[in-house]
Amino acid sequence: MRVATGEAEEAAGAQAVHRVVVFVRPGLLPMELGIVHRLFTTACDDSGRPLYSVLTCASAPGEVATDTDFSVNVPHGPRILRSADTVVVPAALEDYGPQERGRLAAPVRAALDLVPATARLASICTGSFVLAAAGVLEGRRATTHWKSCAELASLYPEVDVDPDVLYTDDRGVLTSAGVAAGIDLCLHMIRADHGADVANTVARGTVVPPHRDGGQAQYIDRPVQQVDDSSTAAARTYALQRLGEPLTLEELAGQAAMSVRTLNRRFRQETGTTPMQWLVRQRLDYARRLLERGDEPVDRVAARSGFGTGTAMRQHFREVLGVSPRAYRNTFRGGPA
């Protein structure tokens with residue numbers, strides 16, 4: 001499917017910024033298209049220079065129907081896929097009917113054949129069926145909307161389908177669950193490319209949470225919880241102000257004026273995870289910012305972020321990010337840890 005060409009390499013070399021190309025199909029969901037444009041185009045470096053350009057293409061340029069009462073005018077045909085650094089495939093109405101293994105319209109398959117081998121591929125919601133039909137997901141972990149996970153797994157047993165996550169990232173191929181999970185996926189890519197500070201700035205500008213872990217369960221048949229005076233917000237605020245200190249469940253429960261059992265239950269309702277898992281994530285994000293911004297030794301960063309020792313922090317970095325703190329710092333600062 002993805003064959004590098006000299007033309008693609010030449011075009012990529014000429015680009016000043018990372019090029020994201022959104023490949024849309026008739027019946028597209030406008031929100032998914034808007035997510036990609038909004039998040040990537042607001043990512044800038046310290047001088048305000050845009051870090052990404054975002055273009056939209058289809059199998060043929062022109063008017064493309066959506067799942068609403070309006071259409072979108074897509075200015076580009078598939079040729080621009082040759083110069084893409086990242087290709088995003090949103091969902092379309094055709095994904096919601098019964099699927100057939102390997103079914104892919106000839107123009108869509110021809111367009112995807114133009115994507116260079118070096119490009120990152122991502123899907124939003126049921127766009128994962130396109131990647132699966134093209135053979136891209138074989139031997140990889142993937143997800144899709146929870147209503148379609150069983151069908152994806154049945155049609156493509158060679159794909160490791162995980163129905164309990166918001167997004168996956170497996171060797172340059174990424175998938176996400178429902179529409180809103182596309183936000184998490186795009187922020188994850190920005191964070192991986194340019195660090196937590198840039199991703200957090202984009203999230204703040206869009207007024208969305210800066211990070212929801214890809215391993216957080218999809219929201220399936222869960223009633224909306226009313227946030228009242230028993231909310232865990234006080235415990236979370238208390239913890240965020242003391243990330244470098246040892247914190248216990250009993251201490252957090254006391255701040256929320258509830259029992260440990262109630263704290264655990266309400267934490268899951270409000271954040272989708274346990275208090276200790278949430279705390280590890282906050283410490284990890286803080287450690288990442290320290291590594292990106294400063295030159296303190298790993299052991300010092302571990303102490304400041306609440307991991308205690310460099311060994312403990314390294315373990316969490318490898319489990320969550322798949323790299324060591326040293327490798328992470330080198331990615332964003334180019335210096336030794």
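**Sheet, helices and loops of the predicted chain**

T168 of strand 9 stands opposite T175 in strand 10, and in this predicted model the two strands pair in the antiparallel sense over 4 bridges. The hairpin formed by strand 9 and strand 10 has 2 residues between the strands, and within this hairpin R171 takes a positive phi near 55°. R171, which is not a glycine, is found in the loop between strand 9 and strand 10 and counts as exposed, with a relative accessibility of 57%.

A positive phi is also found at C125, where the angle is near 55° in a residue other than glycine. This residue lies in the loop between strand 6 and helix 4 (128-133). Is C125 buried or exposed? With a relative accessible area of 1%, C125 is buried, because its value falls under the 20% limit for burial; R171, by contrast, is placed among exposed residues because its 57% lies over the limit of 50%.

The hairpin strands belong to an open sheet in which 6 strands follow the order 2-1-5-6-10-9, with mixed pairing. Strand 2 (52-57) and strand 9 (167-170) stand at the edges, and since each has a single partner strand, one side of each is left without a neighbour in the sheet. Averaged over the sheet and with direction ignored, neighbouring strands are turned by 15° against each other. Strands of a sheet pair through backbone hydrogen bonds, in either a parallel or an antiparallel sense.

At the strand 2 end of the order, strand 1 and strand 2 pair in the parallel sense over 6 bridges, and V21 stands opposite L55 in strand 2. Helix 2 (residues 30-41) packs on the sheet, where it touches strand 1, strand 2 and strand 5, and the direction of this helix makes about 160° with that of strand 2. Strand 1 (residues 18-23) is also joined to strand 5 by 3 bridges, and these two strands run parallel; here the bridge partner of V21 in strand 5 is V87. V21 of strand 1 thus stands opposite L55 in strand 2 and is bridged to V87 in strand 5.

Strand 5 (residues 86-89) has T86 and V88 pointing one way and V87 and V89 pointing the other way, and all of these residues are buried. In a regular strand the side chains alternate between the two faces of the sheet. Strand 5 pairs with strand 6 (residues 120-123) in the parallel sense over 4 bridges, and V89 stands opposite S123 in strand 6. Between strand 5 and strand 6 the chain crosses through helix 3 (residues 106-112), and this β-α-β crossover is right-handed. A further helix, helix 6 (residues 181-194), lies across strand 1, strand 2, strand 5, strand 6, strand 9 and strand 10 (173-176), and runs at about 150° to strand 10.

The loop between helix 1 (6-14) and strand 1 holds V17. Although V17 and P50 are 33 residues apart in sequence, their C-alpha atoms are 7.4 Å apart in space. When residues up to four places away in sequence are not counted, V17 touches R49, P50, L51, Y52, S53 and D85.

Contacts between helices were examined for helix 7 and helix 11. Two packed helices are described by the angle between their axes and the distance between the axes. The axes of helix 7 (residues 196-206) and helix 11 (residues 275-293) come within 9 Å and cross at roughly 120°, which makes helix 7 oblique to helix 11. In this contact, A196, D197 and N200 of helix 7 meet R289, E292 and R293 of helix 11. By class, the contact comprises 1 nonpolar, 1 polar and 4 charged residues.

Considered as a whole, the chain has 14 helices and 10 strands, and 47% of its 337 residues count as buried. Among contacts between residues at least 6 apart in sequence, 65% join residues at least 24 apart.

Definitions and conventions:
Residues are numbered from 1 along each chain as its sequence is written. This is a predicted model: local features need pLDDT of at least 70, side-chain atom pairs count only at pLDDT 80 or more; totals for chains, interfaces and linings use all residues. Side-chain values use heavy atoms; hydrogens and water are left out. Buried means under 20% relative accessible area, exposed over 50%, partly exposed in between (1.4 Å probe, protein chains only). Two strands pair if DSSP finds at least two bridges between them. A crossover is right-handed if, with the strands pointing away from the viewer, the path from the first strand over the helix to the second runs clockwise. Axes are lines fitted to C-alpha atoms, for helices over the stretch in contact, and angles run from 0 to 180 degrees between N-to-C directions. Angles under 35 degrees count as roughly parallel, over 145 as roughly antiparallel, 65 to 115 as roughly perpendicular and the rest as oblique. Contact means heavy atoms within 4.5 Å. Ala, Val, Leu, Ile, Met, Phe, Trp, Tyr, Cys and Pro count as nonpolar, Asp, Glu, Lys and Arg as charged, and the others, Gly among them, as polar.
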